[in-house]
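Okay, thanks for making time, everyone. I'd like to walk through the pockets, the packing and a few backbone oddities in this one, so have a look while I bring it up.

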Amino acid sequence: MRKGAHPSWLLSVLLLPAFSPVVLARQIQSRDATPVVDGIPGPMNWQNPPLEWKIENHQTLSITGGKQTDWFVSPMGDGHSDNSPHLLFKPADDFVLSAKVTVDFRSQWDAGVLVLYINDGLWAKLCFENSIEKHPAIVSVVTRELSDDNNSIAISGPSVYLKVAKAGQAIFFYASSDGQNWSIIRAFSLGKSPDLRVGFSSQSPKGDACTTVFSEIRYAPKKVNLWVVR
């Protein structure tokens with residue numbers, strides 16, 4: 001070997017900084033770029049990207065919707081927004097999905113949301129929202145080309161439990177303060193479609209951003225009696 005030359009293995013060691021902990025961390029993050037939540041059937045896909053998102057221990061999902069993000073088609077025909085981030089998956093024909101929803105309320109209509117989507121003209125959402133009355137409330141929207149908007153019960157504090165259940169073509173929305181005792185918020189139908197997707201969203205229609213944390217996420221592919229509150 002020539003004086004001053006280095007064997008190949010030594011060159012590999014000398015090049016090791018290219019694989020520094022920072023680079024390795026980025027590689028690990030990129031490998032985990034597809035959201036995975038325990039108990040949720042994959043794949044989960046974004047419809048509109050979030051400002052930020054993260055999943056802790058494959059159990060707790062955090063979504064930040066960016067500035068002036070919303071999903072609403074005005075029934076007065078004077079506005080149409082569809083830029084809030086939705087993380088969607090394909091459920092079973094009959095299912096129950098629930099989560100504890102904690103919202104970093106800052107502006108009017110900031111909300112953490114459970115969503116159902118068939119197409120751009122047929123969808124629904126159950127929101128924990130900073131209402132026009134300046135307090136958090138349960139708000140539901142069903143869109144069939146145009147959106148309706150129903151403000152329901154007021155909520156104290158930054159957290160509530162939301163649940164959506166489907167049996168046949170019927171869909172029910174529920175809310176709870178403790179995750180045990182539920183109130184029926186709404187009963188409706190989006191018809192029968194194999195294209196139904198369900199999932200999570202966070203919105204900030206009048207603000208700069210809104211972060212929602214979904215914890216205690218529960219999904220069950222089963223048919224339940226929708227009128228039995230439990």
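**Pockets, cores and odd backbone spots**

Let me start with the second largest pocket: 15 residues line it, and Val96, Lys163, Lys222, Val224 and Arg230 are the ones nearest its centre. Before I go further, keep in mind that this is a predicted model. The space in that pocket comes to about 270 Å³. Which elements build it? Strand S7, strand S13 (159-167) and strand S17 (210-220) each put at least two residues into the lining, and S17 gives the most, with three residues. If you sort that lining by class, you get eight nonpolar, three polar and four charged residues.

Now swing over to the largest pocket. Its volume is about 460 Å³. There are 22 lining residues here, and Asp70, Phe72, Trp109, Asp149 and Pro205 lie nearest the centre. The elements giving two or more residues to this lining are strand S5 (80-82), strand S9 (122-130) and strand S10 (136-144). As for the chemistry, the lining splits into eight nonpolar, eight polar and six charged residues.

Hang on to Trp109, because that residue comes up again: partly exposed, with a relative accessibility of 30%. Trp109 sits in the loop between S7 and strand S8 (111-119). And look at the backbone there: phi of Trp109 is positive, near 75 degrees, in a residue that isn't glycine. So that's a residue nearest the centre of the largest pocket with a positive phi.

There's another one of those. Asn57 is not a glycine either, yet has a positive phi of about 55 degrees. Where is Asn57? In the loop between strand S2 (52-56) and strand S3 (60-65). Is Asn57 buried or exposed? Exposed: the relative accessible area is 66%, and the cut-off for calling a residue exposed is over 50%.

While we're on the backbone, go to Gly42 and Pro43. The peptide bond between Gly42 and Pro43 is cis, and omega is near -5 degrees. Pro43 belongs to the loop that connects helix H2 (21-31) with strand S1 (45-47).

Okay, into the interior. How many residues are in the largest nonpolar core? The count is 38, and Leu97, Leu116 and Phe200 have the most contacts inside that core. Strand S7 (residues 95-103) gives the most to this core, with five residues. So S7 shows up twice in this talk, since S7 also supplies at least two lining residues to the second largest pocket. Apart from the big core there's another one, of twelve residues, including Val73, Tyr117, Cys127 and Val139.

Last stop, the enclosed space. Searching the whole structure turns up one cavity of 30 Å³ or more. The volume of that largest cavity is about 40 Å³. Its lining is made by Ile118, Lys166, Ile171, Leu190, Gly191, Lys192, Ser193 and Leu196. By class, that's four nonpolar, two polar and two charged residues.

If you want one place to zoom in while we talk, I'd pick Trp109, in the loop between S7 and S8 and among the residues nearest the centre of the largest pocket. That's it from me, happy to rotate things around.

Conventions:
Residues are numbered from 1 along each chain as its sequence is written. This is a predicted model: local features need pLDDT of at least 70, side-chain atom pairs count only at pLDDT 80 or more; totals for chains, interfaces and linings use all residues. Side-chain values use heavy atoms; hydrogens and water are left out. On a 1 Å grid over the protein atoms alone, a cavity is a set of points where a 1.4 Å probe fits but cannot get out, and a pocket is an open set with protein on both sides within 12 Å along at least five of seven lines; lining residues have an atom within 4 Å of a point. Grid points are joined across faces, edges and corners, and a volume is the space filled by probe spheres set on the points. Ala, Val, Leu, Ile, Met, Phe, Trp, Tyr, Cys and Pro count as nonpolar, Asp, Glu, Lys and Arg as charged, and the others, Gly among them, as polar. A nonpolar core is a set of buried Ala, Val, Leu, Ile, Met, Phe, Trp, Tyr and Cys residues joined through side-chain atoms within 4.5 Å. Buried means under 20% relative accessible area, exposed over 50%, partly exposed in between (1.4 Å probe, protein chains only). Helices (H or I, at least four residues) and strands (E, at least two) are DSSP runs, numbered from the N terminus.
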